[in-house]
Amino acid sequence: MKLSRLALAIAVMPGLSLAAEPYVAEPLVVTSGRLAEPQAQATAATTVFKRDDIERLQVSSVTELLERVPGLSVVRTGGAGSQTGVFLRGTSTAQTLVLVDGQRIAAASSGTSSLEFLAPEQIERIEVVRGARSALYGSDAIGGVIQIFTRQGDGQGLKPYARLATGSDSTYQRSLGLSGGDKRTRFHLGATLDETAGIDATRDGFGANGDDDAYRNRSLSLNLSHRFNDNLQVGLSALDQRGQVEYDDVFTGLLPTTDFQVSSLSGFIDGRLNERWSSRLGIGHSKDQRDTGDDSLAAPDYSFFTYTTYRDSASWVNTLTLSDNQQILAGADWYEDRLHSSTAFAEDSRWNRAAFLQHRYTGDTFSTELGLRHDDNQQFGRENTWNAALTLPLNSANDLILSYSEGFRAPTFNDLYDPWAGNPDLQAERSKSYEIQWRSRYSDTGSLQTSVYRTDIEDAIVANEVSFYVPQNVQHARINGFEAAVQQELFGWQGNLALALIDPRDRASGHTLLRRAKRTLSLDLDRRFGDVSLGAGWRAVSGRYDDADNEIEMSGYGLLSFRATWQAMPELGLSLKLDNLLDKDYAEATYSTPNGRFGYNSAGRTALFAVTWTPQL
């Protein structure tokens, strides 16, 4: 890819450059290769959701979008704001890296990312890379990478907007925003307030658990960039989400709440140093805080526990064009985690530094990609990871991609330093993945992407009664999978189908890994009739096991949704969304109490009506 084309591509990606040039016709992604490139050239299987998709699907949470990704299943422990797990290609929640504008947001204590607290109204775009990418990103990218980009201006004058929504379970959503700018300077400022009385997460009514669990979330986002000239650009992005969520204590029957804050701040300088060398320097800071207590107790500041992760980071990424068909990506990463907690950990900080190098060759008969990354971690030492890909164009409409990728995950602070069950001798989890992809653009209105893969995970960390709940590197897992994604327009209807079949097993016991659904299907159909748009969605999830011994089996389920939008006036739009239209009773996880074992409640049939005002200035 020539540098002039790369410079244009970088401009549309807020993760690399927050000041965007107008979108080009060919979809571009940045997460697969840590540079902007046409999605068709990305060697990793990638799913993209744009701002138009978020508004068309009328999603109320990030996980509603992610459930449309082939091979990704979601597990919730209740309604809005409840603890949420994401299982990508059969891997665990902590084995998928989550980035916001390039910044890691996972808690250093648990290793999980608070996706349940991110407001869709503040999001411009989401890219989901399926498959290990540790050779570019380091720790946690075994199952893949989810990168979220905050909203940005389009450089076409001031554009204010306001949205008000109300719905079931006393749900209220409000958002305000303003974007603007010109060819050089662009900005977006947005604020949201989401509230709901929620649902009762538990079914047994043990103790005080018979009440609904409310959720409140306030968010702010800022995106600002300026291009000094064709060769230099700087930018800043910030996202802050904070609020409170109620949940049921299944052991004591108290009324605990969690006050949370998830925030990220990042800045960058993009420069083209000469015709063959472009460089980007980025710095960032993120925070994940959870303060859990019981507001019903006499002491208002009574707290069960507090965990706060502070993370500072820096990256330097260079793109060197050797010739028209050869390119090198070289860079370095650094980050430091600091944990402030009510629990006295043996260690409360650690750093990680890394360097990576990747070579690409693009030819008429084949293309190659070969990369290596070296990580040096203060706790567990050094780790090398590789990736390689071979692309074979079968013809102008069909490509075959053969790839190999490695991944690893560093032990968390809970794993290593917990005063009661920490194990400082733990090593990183490691994975090796082999994949064959077939991509077909079989018509002007249709495309097909399929993947067959195998992932082997070694030294997976497990804490169970055998080891007195002290984590050990004992599990070896094997995951076989097939994925298909189809986009097709038929009789005016735009259809999107995602299908996945996986077989995730513990190699020692032969048992299916807990909470992984073996079969998932997502289908969306949408059509516009003048000023009116109609759409429907169907999501089917097979049964799964809620324990490692496969003794607790949970039933599969299917959910139907409906949505409609009417552009009543150029500046006024009305929308309606009906979820779980058939009022299906289902559970995605279980819990135990002195009264027995039960499934967490999920929302029944719900409705949400919204009014969006976009005045023309």
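Where is Leu273 found? Select Leu273 and you land in the loop between β15 (256-272) and β16 (277-294). Strands here are DSSP runs of E with at least two residues, helices are H or I runs of at least four, and both are numbered from the N terminus.

Before moving on, a word about what's on screen: this is a predicted model, where local features need pLDDT of at least 70 and side-chain atom pairs count only at pLDDT 80 or more, while totals for chains, interfaces and linings use all residues. Residues are numbered from 1 along each chain as its sequence is written, and side-chain values use heavy atoms, with hydrogens and water left out.

**Stop 1: a surface patch**

Keep Leu273 and add Phe228, Leu232, Ile269, Trp277, Leu281 and Trp316: together they form a nonpolar patch on the surface with about 660 Å² of accessible area. Patch residues have over 30% relative accessible area and no salt bridge; nonpolar side chains (Val, Leu, Ile, Met, Phe, Trp, Tyr) are joined within 5 Å and like charges within 9 Å. The areas come from the Shrake-Rupley method with a 1.4 Å probe, and for residues only the protein chains shown count as cover. A salt bridge is a side-chain nitrogen of Lys or Arg within 4 Å of a carboxyl oxygen of Asp or Glu.

**Stop 2: an open sheet**

Next, show the 5 strands that form an open sheet in the order β3-β8-β9-β6-β7, with mixed pairing. β3 (45-50) and β7 (103-104) are at the edges with a single partner strand each, so one side of each has no neighbour in the sheet. Strands count as a pair if DSSP finds at least two bridges between them. Between β3 and strand β8 (residues 123-130) there are 6 bridges, and the two run antiparallel. Click Thr47 to find its bridge partner in β8, Val128.

Now pick Val98, in strand β6 (residues 96-100). Is Val98 buried or exposed? Val98 is buried, at 5% relative accessible area; buried means under 20%, exposed over 50%, and partly exposed in between (1.4 Å probe, protein chains only). Measure from Val98 to Val128, C-alpha to C-alpha: they are 30 residues apart in sequence and 9.3 Å apart in space. Beyond its neighbours within four places in sequence, Val98 has contacts (heavy atoms within 4.5 Å) that include Ile105, Leu115 and Ile146.

**Stop 3: a buried strand**

Select strand β5 (residues 84-88): 5 of its 5 residues are buried, so β5 is largely enclosed by the rest of the structure. Thr84, Val86 and Leu88 point one way, and Gly85 and Phe87 the other. Strand β4 (residues 72-76) pairs with β5 in the antiparallel sense over 5 bridges, and one of the partnerships is Leu72 with Leu88.

**Stop 4: a hairpin**

Jump to β27 and strand β28 (residues 532-541), antiparallel over 10 bridges. They make a hairpin with 2 residues between them, and Gly530 in the turn has a positive phi of about 65°.

**Stop 5: ring pairs**

The whole structure has 13 aromatic pairs. Phe413 and Tyr417 have ring centres 5.2 Å apart and planes at 70°, so this pair is edge-to-face. Rings of Phe, Tyr and Trp (its six-membered ring) pair if their centres lie within 6.5 Å; planes under 30 degrees apart are stacked, over 60 edge-to-face and the rest tilted. To finish, select Phe117, Tyr215 and Phe260, a cluster linked by ring pairs.
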